[in-house]
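Hello,

Here is the structure you are taking over, followed by some notes on what was found in it. Please keep it open while you read.

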Amino acid sequence: MREVKDYLYITLGLMSYSLGWAAFLLPYQITTGGTTGIGAIIYYATGFPIQWSYFIINAVLMTFAIKILGPRFSLKTTYAIFMLTFLLWLFQILVNNYVETVDVTADGKPLLLGEGQDSMACIIGAAMCGIGLGIAFNYNGSTGGTDIIAAIINKYKDVSLGRMVMACDALIISSCYVVFHDWRRVIFGFVTLFIIGVVIDWIVNSARQSVQFFIFSRKYDEIANHIIKDTHRGVTVLNGTGWYSKNEVKVLVVLAKKRQSLDIFRLVKSIDPNAFISQSSVIGVYGEGFDTLKVK
């Protein structure tokens with residue numbers, strides 16, 4: 001069921017990514033990084049469908065990536081490549097058919113937001129692409145291309161995925177100047193890339209946010225037992241001394257996912273309403289039940 005859930009969410013992410021391209025980026029001739037960006041540049045220059053350029057480039061890259069990323073990741077990436085090729089084709093047809101019945105520009109180009117809305121199309125399309133990539137990364141998927149390169153580096157080093165994608169894609173965006181001879185298009189591309197990177201980091205990091213609790217209570221043993229049983233999180237008991245009262249106290253230390261905070265607060269309150277609790281955000285937690293430590 002965990003694998004089925006991964007594939008469902010990867011598909012959902014790919015749908016957001018494909019719709020961002022088909023509805024907002026391609027009609028307004030905005031590019032960004034990755035093999036999809038290369039495919040877009042080829043499409044703008046020659047009219048060759050973006051989905052086929054994307055597929056051909058990734059087919060070559062995947063032959064080199066299987067051994068490094070492992071069979072499970074490679075299987076999901078292969079699935080994502082085929083699915084995204086299909087979705088890019090499908091959403092271009094659906095969007096064009098819909099827009100042609102609503103609004104067509106003077107030169108016959110179907111634009112969802114109308115003419116002169118390049119900036120808004122850039123923002124919306126980039127946000128949808130970033131959300132799609134972030135969801136795919138969270139569920140061990142990838143859309144291929146420079147995402148594969150970023151995932152390989154992230155496999156061994158704790159490097160922000162969004163920043164790595166931006167570093168790999170800067171050259172691709174700059175190359176669109178060769179097609180348009182317009183620096184405005186290059187700027188749009190970098191703005192799109194920046195928004196995608198920020199959204200990816202936000203999606204990925206929000207799913208991995210952790211919190212740390214210090215719980216002071218006379219009923220520490222009962223609280224600790226319920227935290228382990230009900231939230232499936234480990235508890236460490238520290239010995240302490242209240243300096244004002246000079247009494248010995250027990251301090252519970254708990255590391256948990258941010259989404260579990262409310263459950264822990266409710267649990268402690270139900271056992272000891274007078275308990276003293278300190279909660280703080282934790283940048284990174286590594287070990288069993290949390291993220292894997294990726295250093296040599």
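Which residues does Trp21 touch, not counting residues up to four places away in sequence? Please note that this is a predicted model. Trp21 touches Leu26, Pro27, Ile30, Thr31, Thr32 and Thr36. The list goes on with Gly37, Ala40, Tyr44, Ile50, Leu88 and Cys129.

Trp21 also belongs to the largest nonpolar core, which has 38 residues. Trp21 and Ile30 are the residues with the most contacts inside this core. Two or more residues each come from H1, helix H2 (34-46), helix H3 (50-69), helix H4 (71-100), H5 and helix H9 (183-208). H1 gives the largest share, eight residues. Another core, of 15 residues, lies apart from this one, and includes Ile227, Leu252, Ile271 and Ala275.

Next, the pair H1 and H5. Helix H1 (residues 2-25) packs with helix H5 (residues 118-138) at an angle of about 165°, and their axes are 7 Å apart. Because angles over 145 degrees count as roughly antiparallel, H1 is roughly antiparallel to H5. Their crossing is left-handed. Among the residues that meet there are Tyr9, Gly13, Tyr17 and Trp21 in H1, and Cys122, Gly125, Cys129 and Ala136 in H5. The residues of this contact divide into 17 nonpolar, five polar and no charged.

Last, Asp169. Asp169 sits in helix H7 (residues 161-174). Is Asp169 buried or exposed? Its relative accessible area is 3%, and under 20% counts as buried, so Asp169 is buried. Asp169 and Phe190 are 21 residues apart along the chain, and their C-alpha atoms are separated by 9.2 Å.

Regards

How values were computed. Residues are numbered from 1 along each chain as its sequence is written. This is a predicted model: local features need pLDDT of at least 70, side-chain atom pairs count only at pLDDT 80 or more; totals for chains, interfaces and linings use all residues. Side-chain values use heavy atoms; hydrogens and water are left out. Axes are lines fitted to C-alpha atoms, for helices over the stretch in contact, and angles run from 0 to 180 degrees between N-to-C directions. Helices (H or I, at least four residues) and strands (E, at least two) are DSSP runs, numbered from the N terminus. Angles under 35 degrees count as roughly parallel, over 145 as roughly antiparallel, 65 to 115 as roughly perpendicular and the rest as oblique. A crossing is left-handed if the near helix is turned anticlockwise from the far one by less than a right angle, and right-handed if clockwise. Contact means heavy atoms within 4.5 Å. Ala, Val, Leu, Ile, Met, Phe, Trp, Tyr, Cys and Pro count as nonpolar, Asp, Glu, Lys and Arg as charged, and the others, Gly among them, as polar. Buried means under 20% relative accessible area, exposed over 50%, partly exposed in between (1.4 Å probe, protein chains only). A nonpolar core is a set of buried Ala, Val, Leu, Ile, Met, Phe, Trp, Tyr and Cys residues joined through side-chain atoms within 4.5 Å.
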